[in-house]
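Here are my notes for a first look at this structure. Please read them with the model open beside you.

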Amino acid sequence: YNRSFGYRYSQTDTYNRSFGYRYSQTDTYNRSFGYLYSQTDTEAYRSGYLGKVDDTSLLDNYKFYANEIPSRPDGDMIETIHAEWWGQYEKLERHHGYIQWLFPIRERGVNQHSQELQRHEAQRICSDSVMHERVLKSYELMLDFYGMKLKDRNTGEIERADNWKERFCHLNHSSHNYLRITRILKCLGEMEYEQLKAPFLRFVLHEAIEEGTLDHTLDSCINYWLEVLKSKDEREDVRKHAQKLADKVNQRSDNQSRQK
């Protein structure tokens, strides 16, 4: 058997999966969907970007979430995006300038018209209930795009949306959205929504391992998304959750093989 996390993963027993990689915390990096996995990136995020200077003259992200300026290029005001872009899946897929505005992080993005998030901006957004609510609405907008919905805003529990089959199929075959999800998860942590991240990962792991609906996301989920959880204990809990799911699937597969 091919093993990863100390187990083999097989959905149909017609082939063995080891998630396409050997996972090791001591690895310098792993290759995943065309980018290099770098521990230094997630470590810098979890440590709060030590040494990075907060520029109080920069306010674009604050102004955007205050509904004072539109996203650029070819974007819109945050209230308009929430009201009129919801369910516009073709637009959300093909437009590449809005994601850096909806989910700003303390790193430079590919959109030259967006601004790197400043610590003082995050603090001001989080301290304003209206703006903080808008961040959550942005998360719900993208969950809908991915075929999911937030069942409980307090716990972060996620469930399938009504159109999950279509949207899961799209997500399972659009790896550039995996980079978007990394940004989304990092932003949630910056905006005091850290508690929403683990439930998202648990949901994706269930769909990927047990249901087989999002199996192509598994490499990114384990190698990257899990690593942006700030708590070491929480990261370990999610790894154990993945282990249990895989053990369950493997046991079921073994039982089916013995019955043949």
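1. Start with helix 6. His120, Glu121, Ala122, Ile125 and Cys126 are its buried residues. Keep in mind throughout that this is a predicted model.

2. What do the buried residues of helix 6 pack against? They meet helix 2 (60-65), helix 7 (129-145) and helix 9 (176-190).

3. Helix 6 spans 119-127 and also helps to line the second largest pocket. Helix 1 (39-46) joins in, and each of these two helices supplies at least two lining residues. Which helix gives the largest share of that lining? Helix 6 does, with 4 residues.

4. The volume of the second largest pocket is about 170 Å³. Its lining consists of Tyr45, Arg46, Gly48, Arg106, Arg119, Ala122, Gln123, Cys126, Glu190, Glu192 and Lys230. Sorted by class, that makes 6 charged, 3 nonpolar and 2 polar residues. Two of the names repeat from point 1: Ala122 and Cys126 are buried in helix 6, and both also appear in the pocket lining.

5. Now the aromatic rings. How many aromatic pairs does a search of the whole structure find? The count is 10. Trp164 and Phe168 form one that is edge-to-face, with 5.4 Å centre to centre and 65° between the planes.

6. Where do Trp164 and Phe168 lie? Both belong to helix 8 (residues 164-172) and are 4 residues apart, about one turn of the helix. An α-helix has 3.6 residues a turn, so residues three or four places apart point the same way.

7. Is Phe168 buried or exposed? Its relative accessibility is 1%, and buried means under 20%. Phe168 therefore counts as buried.

8. Trp164 has a second partner to check. The charged end of Arg160 sits over the Trp164 ring, 3.6 Å from its centre. Another arginine does likewise elsewhere: Arg124 lies over the face of Tyr62, at 3.8 Å from the ring centre.

9. Look also at Phe64, Tyr65 and Trp101. Ring pairs link these residues into a cluster.

10. Last, the whole chain. The protein chain has 12 helices and 4 strands. Of its 260 residues, 51% count as buried. Consider contacts between residues at least 6 apart in sequence: 64% of them join residues at least 24 apart.

Technical notes. Residues are numbered from 1 along each chain as its sequence is written. This is a predicted model: local features need pLDDT of at least 70, side-chain atom pairs count only at pLDDT 80 or more; totals for chains, interfaces and linings use all residues. Side-chain values use heavy atoms; hydrogens and water are left out. On a 1 Å grid over the protein atoms alone, a cavity is a set of points where a 1.4 Å probe fits but cannot get out, and a pocket is an open set with protein on both sides within 12 Å along at least five of seven lines; lining residues have an atom within 4 Å of a point. Grid points are joined across faces, edges and corners, and a volume is the space filled by probe spheres set on the points. Ala, Val, Leu, Ile, Met, Phe, Trp, Tyr, Cys and Pro count as nonpolar, Asp, Glu, Lys and Arg as charged, and the others, Gly among them, as polar. Rings of Phe, Tyr and Trp (its six-membered ring) pair if their centres lie within 6.5 Å; planes under 30 degrees apart count as stacked, over 60 as edge-to-face and the rest as tilted. Buried means under 20% relative accessible area, exposed over 50%, partly exposed in between (1.4 Å probe, protein chains only). A charge sits over a ring if NZ of Lys or CZ of Arg is within 6 Å of the ring centre and within 35 degrees of the ring normal. Contact means heavy atoms within 4.5 Å.
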